[in-house]
Amino acid sequence: MPFRLLFLSLLVHLCVCAAPISNTQTRVEVMAAQLVQEAKTLDLDGDIVIFYGDVVLLADRAHYNAESFILELSGHVAMIKDMAYASLGEQMKVDLKKDRAEMKSLFIMDYNSELWLRGKEAVRNKDLLTLSHALVSSCDIECPDWYLKFSSLDFNSTRQWMNVYNPVIYMADVPVLYFPYLGFSTNHKRRTGLLRPDIGVSSRDGIFYAQPIFIAPDPQWDLQITPQIRFSRGKGIYGDFRFVDTPHSRGEIKSGFFHSKRSFIDQYNLKNSSHYGFEVRYDSSSIFADEAGDNHDGVYVDITYLNDPDYLNLQARSASELANSSQVLSRFNYYYNTPQNYVGVYGKYFIDTSLSSNKDTVQSLPIVQLHHYQNRLFGWDALNYFADYRLTNFFSGTGKNIQMQELNAPLIFYTDFFDEYLKLSISENLYYAYAGYHNMPKSAEGNYYQMFRNYHKIDIYSDLAKKYGSVFHTMQLRATYNKPSFSSENGYMDPSVSILRSPSENMTLSSINYFYNDSDEFFYYRIAQPILYEKSDHRYADLEQEVRYRFLKNYELYTDLFYSYYQKGVTAATSHIKYSDLVYDIMLTHFYKTLNSSTTSDFFTLNATYRSESANDWYGEVAYDNLDSKMNRWGVGVHLFRHCWDLNLGIKDERRPILTSAGAQSVDNLVFYFQINLVPLGGFEHTYEQEF
């Protein structure tokens, strides 16, 4: 809990007001209704205002002894500094010679954070400040909803260290959290030390405790080491190393290891007794290119290796932080870009955690792309060209290796008719592909594949717009025709290789429409129909229709639907209906997909939020799978908002992936969570997980 932030702003003001006048060269200005000066004393009376730097001190009376260097303020002593106000009680005594100040019955208010502090007595002795019997809150002063009370506090401004004794958090005068002692640094700089521990309980893992250790010896890097113990399961350790090597780059390396008890392994039939892995993240917006020039380059690295999903599961206290996909993707991207050319080197590596072995998973590493941007040919505006080359290396753990090369080089002619109402582009496209095979299975019918194809592409389109009263309509009509001209194909096409960039003969007719009312879109409609001419059992591909309709200010209806003439039905559809206003947010979503006349996905999700007049959010979620006829997940909760605190309570059911000896499985995870935030103190939370 960030107590450091709670006290900093208040105590800085307190330290300043505790030393209003010193022997420095800071100019001091004094104003008062009456001033009486004797040989070695100065008495002030009535509406006293003392200006000392950016601090203003107020009092009814003041007495200063030049011989003892003692200043006494009395009668509604107060201080104003920036956006903070401090009432220092009826009396304040400052010994300028000993650099000591005493205050009684003080009250401090910080208007920026809305925090206030009330204490019985405060003493500042040089660089040490002590405060006794005080409480802090940001709620109503007379009857606070919450407050933090402590018996004493001492703060060393030189060492920047604070000790708080017997702090107790009260909610409406009921104590809810107690610490016998808290000690922490008030230095804003990153420093080595212990971070807040994570504590939780799970029906499966038992009591959970993790203690992060933060190491920051250098501004450019830090290391967090987090040992953890799960009393019913086992123990482990995770590390997180972060660094900044240049002003335009940063990186992170994470790793961890957890060993489960034999009793836990046997109970859940886990495949692995130990769960380990590592993660590497790095990105830079400049490697070799000069940032001030026209050329740019960059690199992005995202690598994850793990032996099973529990490496990720055991990093998180809450199931909401868990990875739910069985596919773990590692990526590497580097590009170098000039105004004329582009070079890219990429890589993808997949780990399928649902499989007992990853050796059959096909990887693509490296991928090299060379691209020459579209440019005018012979300086003619109507004639353009570009070229793109791609080399992809596919391999798997079985030794199978495929090297795929593709070259695409179109020549494009542009023109328009009828005063630019109708636009036309015609392109001649040269496409070449070659695949070389190594270590293929004996069933393979060859060791290479080669294809050359020249195809024509004709694109006719028109962009139209018209206004009908307050309604504005834009429409784009487009017809795109692809026609192979010359084709040469020989060798063996492996099923794992797909040619995506050389279309067969087809035409796509499409229309996109937008309707606006007073600059707000209320209707969107898109329709696209591909027509097939080559190597197809049916003439028409799936018809796609996408519609979005906003009506009655708060409603939205959306659907993206694919209809198959061949299967005589819908093959995929994503739809939702939504209502949203200042009080309600309700959204019902349906997703449906078929493959070879077999339904692969069919589920509904319902999300709803209700905001009451008292600014509380009630929310819920349900996901129902029609194929399994059961709930995938559900959850309900409430988020209560108040001026000085907010509370989040809820319950949800999720599925957590695990790897057993029989393969990938999942367990139902019922989560109860409680989170409270005391403004601006911070918050704490508690989660209880019940797995089935």
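The following dialogue examines the terms applied to this predicted model.

Visitor: How do you know which residues and atoms enter the values?

Guide: In this predicted model, local features need pLDDT of at least 70 and side-chain atom pairs count only at pLDDT 80 or more, while totals for chains, interfaces and linings use all residues. Residues are numbered from 1 along each chain as its sequence is written, and side-chain values use heavy atoms, with hydrogens and water left out.

Visitor: What makes C139 and C644 a disulfide?

Guide: A disulfide is a pair of cysteine sulfur atoms within 2.5 Å. The S to S distance between C139 and C644 is 1.8 Å, so the pair satisfies that limit. The structure holds one disulfide.

Visitor: Why is the disulfide of C139 and C644 called right-handed?

Guide: The torsion about the S-S bond of C139 and C644 is about 95°, and the disulfide is therefore right-handed.

Visitor: Which parts of the sequence does the disulfide tie together?

Guide: C139 lies in the loop between β11 (128-137) and β12 (146-156), and C644 in the loop between β42 (630-641) and β43 (645-660), so the pair ties together parts that are 505 residues apart in sequence. Strands (E, at least two residues) and helices (H or I, at least four) are DSSP runs, numbered from the N terminus. The protein has three helices and 45 strands.

Visitor: Why is C143 not bonded to C139?

Guide: The closest cysteine sulfur to that of C143 is in C139, at 9.6 Å, which is too far for a bond.

Visitor: What makes C139, C644 and C143 buried or exposed?

Guide: Buried means under 20% relative accessible area, exposed over 50%, and partly exposed in between, with a 1.4 Å probe and protein chains only. C139, at 6%, is therefore buried, and C644, at 3%, is buried as well. C143, at 55%, counts as exposed. Of the 692 residues of the protein, 38% count as buried.

Visitor: What makes a group of residues a nonpolar core?

Guide: A nonpolar core is a set of buried Ala, Val, Leu, Ile, Met, Phe, Trp, Tyr and Cys residues joined through side-chain atoms within 4.5 Å. The largest has 32 residues, of which L73, L88, M92, L131, F150 and L153 touch the most other members. A second, separate core of twelve residues includes C139, W146, L640 and L647.

Visitor: Why is the pairing of R281 and D302 called a salt bridge?

Guide: A salt bridge is a side-chain nitrogen of Lys or Arg within 4 Å of a carboxyl oxygen of Asp or Glu. R281 and D302 have an N to O distance of 2.8 Å, so the pair qualifies. R281 lies in strand β24 (residues 274-284) and D302 in strand β25 (residues 296-306), so the pair ties together parts that are 21 residues apart in sequence. R281 is partly exposed at 27% relative accessibility, whereas D302 is buried at 12%.

Visitor: What makes E544 and R526 a salt bridge, and where do they lie?

Guide: The closest N and O atoms of E544 and R526 are 2.6 Å apart, so this pair also meets the limit. E544 is in strand β36 (residues 543-551) and R526 in strand β35 (residues 520-532), 18 residues apart. E544 is buried at 14% relative accessible area, and R526 is buried at 18%.

Visitor: Which further salt bridges can be named, and how many are found?

Guide: The side chains of E102 and R100 meet at 3.1 Å, N to O. E102 is partly exposed at 30%, and R100 is partly exposed at 28%. D205, R230, R233 and D310 are linked in a network of salt bridges. A search of the whole structure finds 22 salt bridges.
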